[in-house]
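The following exercises concern the packing of helices and the spaces between residues. Each task is followed by a solution that proceeds step by step.

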Amino acid sequence: MASRRLVPESLALPAEGYAWLPDLMRAEGDTALNLRVLGRPALAVRGPDAVRFFYDEDHVRRHGALPGPVLRTLFGHGAVHTLDGEEHRHRKSFFLPLLETDAVKGSAEHVVTAWDEAVPRWRARPDVVLFDAVSRVITRGVCRWAGVPLTEDEQEPTARDLVAMVDGFATAGPRHWRARQARARQERRFADLVTSVRSGAVHAPADSVLDRVCRHRDASGAELTPGTAAVELLNVVRPATALSWFVAFAAHALHRRPELRERLRSDGTAFATAFAHEVRRFYPFAPFLGGEAVTDLTWQGRHVPAGGLVLLDVYGQNHDERLWKDPYAFRPERFLDQPPGRDELIPQGGADPRTGHRCPGEAMTVGILETLSRRLAGLDYEVPPQDLTIPLNRIPTRPRSGMIIRPLA
C-alpha cells in the first residue's frame with residue numbers, strides 16, 4: 001500500500017518541467033498524491049475517474065484558482081475559464097458553435113488556403129522555420145474564418161503576439177513579460193475592433209465569431225464590455241496558434257518515422273485523425289491543470305481541505321501505461337484500433353466540452369491538425385542538420401530549432 005506522506009512544495013518544477021508531477025506520483029506508486037504548491041495544500045490526481053472527479057463542480061472550481069500570471073498572459077481577466085456554474089455555462093454558449101461540423105470544416109478550409117498561399121514563398125527561401133511559418137499561416141486563416149480583419153502588414157506582428165501569449169504563460173522572466181505585453185496590445189486592438197463594429201464603423205460578417213461576440217450578452221442580459229469581448233475573441237483566435245506547436249511536432253514525428261508520410265498521403269481521413277490524436281497524446285503541451293477544492297475532499301484515501309488546490313496530471317495521464325500500451329512510442333495505429341475515450345486522452349482537458357471546462361475548440365484543433373499534417377506529408381522538403389531535441393524543462397516545449405525544413409522546387 002502506498003505511503004500517505006505529504007510531499008513538500010517542490011523547487012524542482014522549473015528544472016524538471018513536464019516530468020515533475022509524473023515523477024512524484026511514480027515515486028508514490030499511486031494515481032493520487034498530497035503535496036504543497038505555492039504554500040497551499042494540494043491533491044494531484046490522474047486517470048479517467050479522476051478526470052470526472054476534477055471536473056465535477058461540486059468538487060473543484062476554477063474561479064480563484066488560476067494564477068495571476070496565467071490570466072495576464074494566456075486567458076485574460078474575466079475569461080470564460082475563470083467562471084463557474086450557470087455563469088460559466090451561459091458564457092460558454094458563445095463558444096459552443098465551435099463544436100459544430102461546419103465550424104471545424106470552415107476553419108480548416110481557411111487555414112489550408114493560407115497554407116497553400118504561403119508554400120510558394122517558402123520554396124523561394126533556402127530554409128523555413130516551420131514553427132514560425134505555420135504561426136503566420138494559422139493566424140491568417142483563423143482571423144479570416146473568425147471575421148477579424150487583418151492586413152498583410154498586421155499578419156506577422158499579430159502572429160508573433162499570439163505565439164508570445166502561449167509561450168510565456170508558464171514561465172518567469174523575459175518570455176512572461178513579452179506575453180503580458182503581447183496580450184495588452186492585442187486586447188486593446190480587439191477592444192477597439194469591438195467598439196468599431198458596434199458603432200457601425202467596421203462591418204462584421206454575419207454570424208462570424210466577431211459578429212457573435214459583439215452581440216453576446218451575459219447571464220444578466222448585459223452586453224459584454226469591449227474589454228471582456230476582446231478577451232473572449234482572443235480566446236477563440238489565440239488557442240489556434242497553439243497548433244504551431246502541434247504542426248512542428250507533427251513534422252518531428254514524420255522525420256523520426258518517415259514511413260508515416262505515405263500513409264498520411266494515401267490512407268484517408270481515418271489515419272490522419274489517428275495521427276493528429278497521437279501527436280497530441282505523445283508530445284508535451286500542458287503539464288497539468290489546476291482548480292480549487294470547493295469543500296473538504298477525499299479521493300482514493302487522499303484528503304485536501306476546502307480552498308486547497310487540485311491538480312490534474314495531464315502529461316502523466318497521456319503517458320500512463322495503464323491507459324496506453326507502449327506510452328513512449330509514437331504509434332498512431334493505436335487510435336485506429338480504438339478511438340480515444342473522452343476522459344482518457346486529455347491534452348485539452350476532460351469531461352463534456354458543452355458544459356464543463358474542456359476546450360470547446362478541441363474538435364477544431366484536431367480538424368486543422370489532421371488537414372495540415374496531410375499537407376505537410378505532401379510537401380516535398382528536406383530536413384537539414386539542426387537541434388531537434390525537445391527539452392522537458394521548457395513549458396510549453398517545442399523542438400529547439402523550431403523544426404527547420406528545406407522545401408524543394
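**Exercise 1: Two helices that cross**

H7 passes H8 in a right-handed crossing. The model is a predicted one.

Task: Determine at what angle H7 and H8 pack, and how this arrangement is classed.

Solution.
- Step 1. The angle between H7 and H8 is about 115°, and their axes lie 9 Å apart.
- Step 2. Angles of 65 to 115 degrees count as roughly perpendicular, and H7 is therefore roughly perpendicular to H8.
- Step 3. On the H7 side, the contact is formed by Phe-131, Ser-135, Arg-136, Thr-139 and Arg-140. Their partners in H8 include Glu-152, Gln-155, Ala-159 and Val-163.
- Step 4. The residues of this contact of H7 with H8 comprise four nonpolar, four polar and four charged.

**Exercise 2: A second partner of H7**

Task: State how the axes of H7 and H12 are oriented, and which kinds of residue form their contact.

Solution.
- Step 1. Helix H12 spans residues 243–256; its axis and that of H7 come within 9 Å and cross at roughly 135°.
- Step 2. H7 and H12 are therefore oblique to each other. The crossing of H7 past H12 is right-handed.
- Step 3. Leu-130, Phe-131, Val-134, Ser-135 and Ile-138 of H7 meet residues of H12, among them Leu-243, Trp-245, Val-247 and Ala-251.
- Step 4. Sorted by type, the contact of H7 with H12 has nine nonpolar residues, two polar and no charged.

**Exercise 3: The second largest pocket**

Task: Identify which helix gives the most residues to the lining of the second largest pocket, and describe that lining.

Solution.
- Step 1. The second largest pocket holds about 320 Å³ of space. It is lined by 16 residues, of which Asp-132, Ala-159, Arg-160, Val-163 and Ala-164 are the closest to its centre.
- Step 2. Helices H7 (130–146), H8 (152–167) and H9 (174–199) are the elements that each give two or more residues to this lining.
- Step 3. H8 gives the most, with seven residues.
- Step 4. By type, the lining of this pocket consists of four nonpolar residues, one polar and 11 charged.

**Exercise 4: The cavity**

Task: State how many cavities of 30 Å³ or more the structure holds, and what lines the largest.

Solution.
- Step 1. The structure holds one cavity of 30 Å³ or more. About 50 Å³ of space lies in the largest cavity.
- Step 2. Its lining includes Arg-280, Tyr-283, Phe-285, Tyr-315 and Pro-347.
- Step 3. Helix H14 (269–282) and helix H15 (314–317) are the elements that give two or more residues to this lining.
- Step 4. The lining of the largest cavity divides into seven nonpolar residues, two polar and two charged.

Notes. Residues numbered from 1 in each chain as written. Predicted model: local features only at pLDDT ≥ 70, side-chain atom pairs only at ≥ 80, totals over all residues. Heavy atoms only, no water. 1 Å grid on protein atoms, 1.4 Å probe; cavity = no way out; pocket = protein on both sides within 12 Å on 5 of 7 lines; lining within 4 Å. Points joined across faces, edges and corners; volume = space filled by probe spheres on them. Helix = DSSP H or I, 4+ residues; strand = E, 2+ residues; numbered from the N terminus. Nonpolar A, V, L, I, M, F, W, Y, C, P; charged D, E, K, R; others polar. Axes fitted to C-alpha atoms, helices over the stretch in contact; angles between N-to-C directions. Parallel < 35°, antiparallel > 145°, perpendicular 65-115°, else oblique. Left-handed = near helix turned anticlockwise from the far one by under 90°. Contact = heavy atoms within 4.5 Å.
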